[in-house]
Amino acid sequence: MSLCGGSGPAAAPRLRPRAAQMARRPELLCGAAIVLGCAFLVALKVTCSRAKDVTMPAKLPVNFFSTRSPVIDLFRGQLDYADHLRQDSEIVLYFFYAPWCGQSIAVREEIEHVASRLSDQVLFVAVNCWWNQGKCRKQKHFFYFPVIHLYHRSFGPIEYKGPMSAVYIEKFVRRVMTPLLYISSRSKLLDFLSNYEPGVLGYFEFNASPQPPGYLTFFTSALHSLKKDYLGTIRFGVITDKHVAEEISLVHSGSVYLHRHGNTSLIYPNDTMNYTAENICKWALENREMLVRWLRPHGGKSLLLNNELKKGPALLIFIPYNPLAEINPLLDEVTKVALEYHNCNKSQAAEPDLQHLGDTDSPAFDSSIPDAYMKLSETFSITKYPCCNTVVLPQWHSISRTHNVCELCINQTLGVKPNKVHVPHCNFLEIEAALDSFYLQEHTFFQVISNTIECSNFLSFYSPFSYYTACCRTVNRHFLSFISSEKTIFQTPKVAFSSHGKKDNTQHSIPHIEDRNCFIPDLHSSGTNITGLSCRTNKTLNLYLLDSNLFWIYAERLGASRSSHLKEFAAIVDLKEEVHYVLDQNQSLVGTTLENFIKNFSILYSPLKRHLVDDPSVHFHEQRVITEVTTNNFHDTVVLSEKNVLLLYYAQWCGFCASLNHIFIQLARLLPPDNFTVARIDISRNDLPWEFMTDHLPTILLFPHQRKEQSVKFPEDFSVNLPNLLKFILHHSSLSSSEPCTKECLHKETVLQQGHISHLEREIQKLRSEISALHQAHDQLEAQLSEARREEHRLQQQKHTLEKQHKTLQLHSEQLQATYDQKNEELLEMAEKLQELADASENLLKENTLLRILVASREGKLQSKDEIKESLQSEEALSEDNDISVSTATATLEEKKIDNIDTIETEHSSGNRTE
């Protein structure tokens, strides 16, 4: 089969003349190619014009902010113009938004409110980062909207990730505007150090230069802290007075000081770390002390609360908070409790009342400083600064072969110089490190079992700059059991310690560490002092604050009242124990209330009761067949009920539980309502006491009458259907007992059985009537089904008839299509022959024209020949030689012309014969 569509031998005779003609006439081939190309373009244009548009051009963006707004709205995404504006402003806020984003629309009013207050100091620029032709969309690839970036001169961007509220945004903008607080007096220093948030102070002398060395680095480190911690939990301050700097042991300009309430404050180690903004920020974030922490969940899917609750029991305090308010009395109460709770060493610096000490004339600043506190290298003596802990040795420890009670004391050899603001005492972490080192130390004392005290010094396993002293002795085991009632303590002996020193004849009573009153005071006392309680119990709480104006929904989920107008709430959540306790909402949220709440949780046998979450959305209906049980009515409906209660545990997400609803509705209609109650409880929204909880859904429990404590679970290997449930209820709801039944008991049982029998007979009669009705309905359905079957058979016959007609029409259509194709081929052949005849006639016309031209030229040549002969005869007399040469040349020329004419005529005649 050839490419042109004909068979090889048959198509060859027809193609050869066309090829020869095109070879002689190439302009025909070019014309045909041009015509075909034009036809293809026209067909393509018609086809594209008929196709439907699948996309539509994006609408042009419009102003997102009003034209009167102080916010510059670049709704076309002109990011380059925004960068141009930033070059002329010191503080710039970028608000990247998407016009369709609901959150962007909600935050728009908040941004306008902040801009109306700070537009004279901050440049507010809004950029549409969704317009596909804008540079913002091409250069920025945000995964969420809106996004807020702040720039402080050339530093940035500082992304804000806090609550999208006007007060919080304004607070953050003000922190970026003034990242440093300038401290020039002792009163300002006390105010700065008394704040519950960690603070970093730098001392710089501004006398010689407006920007002393290191100041710009410290300034940038404050901006870095805001960039890494958008909550701004670390405050940065600059001390400008030399005498004020000496109060916290800052002597040299450029020194940096990190203040901590419970632990030892630190000075930035310039000798081991480079003095850069990133290092200062990193050092402050790693060593900061968080007594109380703000939690600000963003409202979406997040592991923030889960990660925090995994750290241990948490006290969540919800208070209304205004970040812009200068005074927050409720926050001061909470921070005071937090400082007392974490004040393990009763340090003067941990007192929250530093800000109320008064002016610089306070006696605290006039008192003389002992010489022992003025030397940096001075070792803190154990006799002056005892940091000790009594340990009862376990039997597996090597020292227990000779001694069973030891007193561990920390001897610090290197630290920050003591001052009037902060006296470095030991803390719980140091005691814990000492205990670990002591248990890991394989050392045996020389002394055998005796009542004498043997002391020894050991280096710490965790710090090369400190060592501890262990003074051990032997105490009878039976003596440890009753010594807890004694008030005496293990006092540190005033002896000179050596490598292994000994001191005899020292009588002291050594209580057990858990029973020692000086270590764990009596929490049942009437006092409310909780100083250092976090270090005196293994139920340490992590304190968290939440703004109730934003996150009150979390408080409601924990048990806060929905009708309360005062949004103050506190709850303790213990994720490990799967319990949480709620502070009585009838009590005001003050310091003493929080302290009692913490103390009640910390004691060994806590009087706090587990809070059970109740579903408030349940509405009770008297006519309901199945009783809905909640946390509040569980005791009355199930435990105290005088009926047999069948309880179904379910959840809304449980699909199989929903499939049992019709079974329990039938069961509730069958059982007598005077003696049985069918109930259900949504266990995902209602908490129950642990003895009534279940870990499998659905679960069915039967609480028999007068034997509620002997509840029975429906077997899991039985299918849940109506007969099995009836057998289960009738079997376990009997009043059978191991004790002999009296006549009165037998009479009651007989009456009850008769009542059951009569009720069941009535129910059976109802069932029989329902069965007869069902039989009648069944007969009606059978008749309808037979009629439907006949109709279906008739439709099937019609379907077969239509299919046959369809096949006949399809064959007829195929025949017509074949006839059409045949006629079409014949028309094409006739068109080709007509085209050939037209081409031949055109060629004949052209050849006739050529012949006429040749005849005319021939006649002209003959006429010119006669004239030449006449001229030649007149000139013969002149010269015979010339006549001979001329006649010879003329004859030769005429012969050539005649030969040419004959050749042309021969070709023309052969061509006509070929056609």
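**Exercise 1. Classify Lys311 as buried or exposed, then do the same for its salt-bridge partner.**

Step 1. Lys311 has a relative accessible area of 56%. Buried means under 20% relative accessible area, exposed over 50%, and partly exposed in between (1.4 Å probe, protein chains only). Lys311 is therefore exposed.

Step 2. The partner is Glu308. A salt bridge here is a side-chain nitrogen of Lys or Arg within 4 Å of a carboxyl oxygen of Asp or Glu. The closest N and O atoms of Glu308 and Lys311 are 3.1 Å apart.

Step 3. Glu308 has 6% relative accessibility, so it counts as buried.

A note on the model. It is predicted: local features need pLDDT of at least 70, side-chain atom pairs count only at pLDDT 80 or more, and totals for chains, interfaces and linings use all residues. Residues are numbered from 1 along each chain as its sequence is written, and side-chain values use heavy atoms, with hydrogens and water left out.

**Exercise 2. State how many salt bridges the rule gives, and work through the pair Glu90 and Arg153.**

Step 1. The count comes to 14 salt bridges. Side chains of opposite charge can pair when their charged atoms come close.

Step 2. Glu90 pairs with Arg153, with 2.8 Å between the closest N and O atoms.

Step 3. Place both residues. Glu90 lies in the loop between α3 (79–86) and β2 (91–97), and Arg153 in the loop between β4 (147–152) and β5 (155–160), so the pair ties together parts that are 63 residues apart in sequence. Helices (H or I, at least four residues) and strands (E, at least two) are DSSP runs, numbered from the N terminus.

Step 4. Check exposure. Glu90 is partly exposed at 41% relative accessible area. Arg153 is partly exposed too, at 48%.

**Exercise 3. Find where Arg288 and Asp229 lie, and say whether each is buried or partly exposed.**

Step 1. The side chains of Arg288 and Asp229 form a salt bridge (3.2 Å, N to O).

Step 2. This pair links distant parts of the chain, 59 residues apart. Arg288 is in the loop between α10 (277–287) and β11 (292–294). Asp229 is in the loop between α8 (215–228) and β8 (235–239).

Step 3. Arg288, at 30% relative accessibility, counts as partly exposed. Asp229 is buried, with a relative accessible area of 12%.

**Exercise 4. List the disulfides and give the handedness of each.**

Step 1. A disulfide is a pair of cysteine sulfur atoms within 2.5 Å. The structure holds 2 disulfides.

Step 2. Cys129 is joined to Cys136, with an S to S distance of 1.8 Å. The torsion about this S-S bond is about -80 degrees, so the disulfide is left-handed. Cys129 and Cys136 are both buried.

Step 3. Cys654 is joined to Cys657, with the sulfur atoms 2.3 Å apart. Here the S-S torsion is about 75 degrees, so this disulfide is right-handed. Cys654 and Cys657 are buried.

Step 4. Now take two further cysteines. Cys38 is partly exposed, with a relative accessible area of 44%. Cys281 counts as buried, at 0% relative accessibility.

**Exercise 5. Name the residues of a negative patch and of a nonpolar patch on the surface.**

Step 1. Patch residues have over 30% relative accessible area and no salt bridge; like charges are joined within 9 Å, and nonpolar side chains (Val, Leu, Ile, Met, Phe, Trp, Tyr) within 5 Å.

Step 2. The negative patch gathers Asp821, Glu825, Glu826 and Glu829. Asp821 sits in helix α22 (residues 743–875). Asp821 is partly exposed, at 33% relative accessible area.

Step 3. The nonpolar patch consists of Phe40, Leu41 and Leu44, with about 330 Å² of accessible area together. That area comes from the Shrake-Rupley method with a 1.4 Å probe. Leu44 belongs to helix α2 (residues 26–50). At 44% relative accessibility, Leu44 counts as partly exposed.

**Exercise 6. Give the C-alpha separation of Lys713 and Leu647, then of His611 and Gly559.**

Step 1. Lys713 and Leu647 are 66 residues apart in sequence and 9.7 Å apart in space. Lys713 is in strand β25 (residues 712–713). Lys713 counts as partly exposed, at 39% relative accessibility.

Step 2. His611 and Gly559 are 52 residues apart along the chain, and their C-alpha atoms are separated by 7.6 Å. His611 lies in the loop between α17 (591–602) and β21 (627–629). His611 is partly exposed, with a relative accessible area of 23%.

Methods: Lys, Arg positive; Asp, Glu negative; His and termini not counted. Charge placed at Lys NZ, Arg CZ, Asp CG, Glu CD.
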